[in-house]
Every structure is written in structure tokens, then in C-alpha cells.
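The exercises below are meant to be worked with the sequence and the coordinates side by side. Each task is followed by a solution that proceeds step by step.

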Amino acid sequence: MRIVLISGLTGSGKTVALKLLGDMGFTCVDNIPPALLPQLVAQSAASHISKLAISLDIRLPYPQDTIQNCLRAIRRQGHPLRLLFLDADTATLIRRLDSHGRRHPLAATTLTLAESIAAERQMLQPWQSFAFCINNSHDSIGDLKFRIQE
């Protein structure tokens, strides 16, 4: 089974990427608790699913050590795993969130939107060290689809 694990900043295109992968024949799961990843993969393999895409974001916390343990468990099951991290510059993220009327998950605190994005960027920074990163600040959906297919 081929597995693509997607993470990235709020507004960076994770939902778009997940939809694009769904159009490419992947079974897609959005925002699963990281501790359930190995069980999801095992159940999907038992159900003869050949392609699985999973999106994670900060709505559910996932500490670095938890993710690393889950990735090791999945790899021990023998499945190829690709990690995709989506990013965009802060101005683009603010514009996308404002245009869609979305609140940032960290905005419930006393942080401004720009501060929320900065805090999220800091939280997710470890992903960028071991994932394939796409900065789609200036990409159209067609551009993002092409880059994901690559």
C-alpha cells in the first residue's frame, strides 16, 4: 500500500491536496489522531486499500516523538510512506483564511492571526526536516496538483 501523510500550516492547501489525491484514487482521511495511524494503516491494508492519504494538522496535537513512533510503526508494517509538508508565506495564509472566513485554530488564545501563524510555524517546524516540502504561496490549484503528482 502507498501512503502519503500530509501536514502543513493552516491555509497552506492540505484540504486541496487531500482532494487532489482522492481524485488520483487515494482513500483519504482528514485529521486523524496520530496515535491511531498504525491501526488505520493496518486496517486499510487488511481491506486491500492500495493507496492511502492522511492529513494531520494542529487541531489535534501531535508531539514530534509521537509522530516519529507512529512513522516507525507504519514502516515496520512494510508500507512505503511519503511525507508531504505544505507551506505558504504569512501574507498568503492570512489572505486565504480571511477570504474563506476561517478562524485559525490557535486564534482562540490572545494571539493575533499573524502571531497564530508564527506559533503554528514554530510547532510544525520539525516536520520540514524530514518531509518533502511544497511552498505554494503563488501556486494555482493546477500548479499544486502538478507538484503533488511529481
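**Exercise 1. A histidine in a loop**

Which residues does His 79 touch, not counting residues up to four places away in sequence?

Solution. Begin with the setting: the model is a predicted one, and in it His 79 lies in the loop between H3 and E4. Next, list its partners, which are Met 1, Ile 3, Val 41, Ala 45 and Ile 74, once residues up to four places away in sequence are set aside. Finally, turn to the accessible area: His 79 has a relative value of 12%, and because buried means under 20%, this residue counts as buried.

**Exercise 2. The overall fold**

Determine the order of the secondary structure elements, and decide how the extent of the chain compares with that of a globular protein.

Solution. First, count the elements, which gives six helices and five strands. Read from the N terminus, they follow the order β-α-β-α-β-α-β-α-α-β-α. The radius of gyration is 15 Å, close to the 15 Å from the globule rule for 150 residues, so the protein is as compact as a globular protein of that length. Along the principal axes, the C-alpha atoms fill a box of roughly 45 × 35 × 25 Å. As a last step, consider the contacts between residues at least 6 apart in sequence, of which 77% join residues at least 24 apart.

**Exercise 3. The nonpolar cores**

Identify the largest nonpolar core, the elements that supply it, and any further core.

Solution. A general expectation comes first: in soluble globular proteins, nonpolar side chains tend to be buried together. Here 43% of the 150 residues count as buried. The largest nonpolar core has 27 residues, and those with the most contacts inside it are Ile 3, Leu 5, Leu 37, Ile 54 and Trp 127. At least two residues of this core come from each of strand E1 (2-8), helix H2 (37-46), strand E3 (51-55), helix H3 (64-76), strand E4 (81-87), helix H4 (90-99) and helix H5 (113-128). Of these, H3 gives the most, with four residues. Apart from this core lies another, of 13 residues, including Ile 6, Leu 18, Leu 144 and Ile 148.

To follow the packing around one core residue, take Leu 5: beyond residues up to four places away in sequence, it touches, among others, Leu 37, Ile 54, Leu 71, Leu 83 and Trp 127.

**Exercise 4. A residue of strand E1**

Is Val 4 buried or exposed, and with which residues is it in contact, leaving aside neighbours within four places in sequence?

Solution. Val 4 has its place in strand E1. Its relative accessible area is 11%, and the residue is therefore buried. Outside the neighbours within four places in sequence, Val 4 is in contact with Leu 21, Phe 26, Leu 52, Ala 53, Ile 54, Arg 82 and Leu 84.

**Exercise 5. Positive phi values**

Examine Asn 31 and His 48, giving for each the backbone angle and the accessibility.

Solution. Asn 31, in the loop between strand E2 (27-30) and H2, has a phi near 60°, a positive value in a residue other than glycine. With a relative accessible area of 18%, Asn 31 is buried. His 48, in the loop between H2 and E3, is likewise not a glycine and has a positive phi of about 65°. His 48, however, is exposed, with a relative accessible area of 72%.

Technical notes:
Residues numbered from 1 in each chain as written. Predicted model: local features only at pLDDT ≥ 70, side-chain atom pairs only at ≥ 80, totals over all residues. Heavy atoms only, no water. Rg over C-alpha atoms; globule rule 2.2 N^0.38 Å. Buried < 20%, exposed > 50% of the residue type's maximum accessible area, 1.4 Å probe, protein only. Contact = heavy atoms within 4.5 Å. Core = buried A, V, L, I, M, F, W, Y, C linked by side-chain atoms within 4.5 Å.
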